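Biologist: Before I plan anything around this protein, I would like to go through the model with you. Please keep the answers short.

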Amino acid sequence: MANKERVIEILDRNQNQIEGLINKKIDIWLDHVLFSGLWWMGLALTIFPWIIWFVFRKKESTDRLLYIAFYVMTISVLLDIVGDQIGLWHYRYHVIPVLPTYFPWDVTLMPLAVIVLLQIKPHVNPWVKAIFFALLASYVGEPVFNWLGIYVPKNWRYTYSVPIQIAIYMSAHYLSKRNNFAPLSDKTKKEI
């Protein structure tokens with residue numbers, strides 16, 4: 001039992017240190033990032049692409065496309081958190097300071113790029129689109145955000161992202177073709 005108490009003490013001390021660093025990060029963000037040009041750019045990249053997509057989307061496929069977008073968001077956020085936490089990369093100029101990911105990339109740019117590619121020329125070979133998406137994200141998107149000083153690859157090369165981006169696109173394509181969606185309620189029965 002003494003060993004468990006020791007482990008709890010170590011874990012709690014570590015958590016307190018993390019909380020202290022997060023508080024310091026928030027202070028830095030408030031003093032130097034919030035309302036800076038790169039913060040406004042991140043906010044715009046988070047909101048405006050969704051508005052544009054909403055206007056020009058394939059309206060009869062909205063639910064399916066949002067399903068795919070949320071899938072891509074989830075995968076992107078999880079991978080970004082892991083990469084950041086184990087020191088492969090990190091981000092500066094966060095839109096939201098307590099998230100270790102770059103919100104516009106994971107919540108807007110990645111999912112929208114995938115669902116737009118799924119909508120455009122749906123009969124084109126998905127592998128061609130996946131490779132195009134991976135090369136665009138890895139060799140254009142990442143370098144641009146690196147050049148802006150937002151994305152800092154530490155132990156990561158752009159090339160490492162290519163197979164991951166291909167896998168994300170191909171799994172999203174696979175999910176977009178699923179048709180096993182039944183209504184949650186039986187319309188023949190009276191709702192309670």
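Biologist: Which residues lie nearest the centre of the largest pocket?

Modeller: This is a predicted model, where local features need pLDDT of at least 70, side-chain atom pairs count only at pLDDT 80 or more, and totals for chains, interfaces and linings use all residues. Residues are numbered from 1 along each chain as its sequence is written, and side-chain values use heavy atoms, with hydrogens and water left out. A pocket here is an open set of points on a 1 Å grid over the protein atoms alone, where a 1.4 Å probe fits, with protein on both sides within 12 Å along at least five of seven lines; lining residues have an atom within 4 Å of a point. The largest pocket is lined by 22 residues, and those nearest its centre are Leu21, Ile22, Lys25, Asp84 and His94.

Biologist: Which element gives the most to the lining of the largest pocket?

Modeller: Elements are DSSP runs numbered from the N terminus, with helices (H or I) of at least four residues and strands (E) of at least two. Two or more lining residues come from each of α1, α3 and β1. With nine residues, the largest contribution is from α1.

Biologist: How confident is the predictor, and which helix has the lowest confidence?

Modeller: The pLDDT, the predictor's confidence in each residue from 0 to 100, averages 93 over the protein chain, and 96% of the residues score at least 70. Confidence is highest in α5, at 98, and lowest, at a mean of 95, in helix α1.

Biologist: Which element gives the largest share of the largest nonpolar core?

Modeller: A nonpolar core is a set of buried Ala, Val, Leu, Ile, Met, Phe, Trp, Tyr and Cys residues joined through side-chain atoms within 4.5 Å. This one has 34 residues, and Trp50 is among those that touch the most other members. Eight residues, the largest share, come from α4.

Biologist: Is His173 buried or exposed?

Modeller: His173 sits in helix α6. Setting aside residues up to four places away in sequence, His173 touches Leu118 and Pro126, where contact means heavy atoms within 4.5 Å. Buried means under 20% relative accessible area, exposed over 50%, and partly exposed in between (1.4 Å probe, protein chains only). His173 has 15% relative accessibility, so His173 counts as buried.

Biologist: What is the phi of Phe35?

Modeller: Most residues other than glycine have a negative phi. Phe35 is in the loop between α1 and α2 and is exposed, at 53% relative accessible area. Although Phe35 is not a glycine, its phi is positive, at about 70°.
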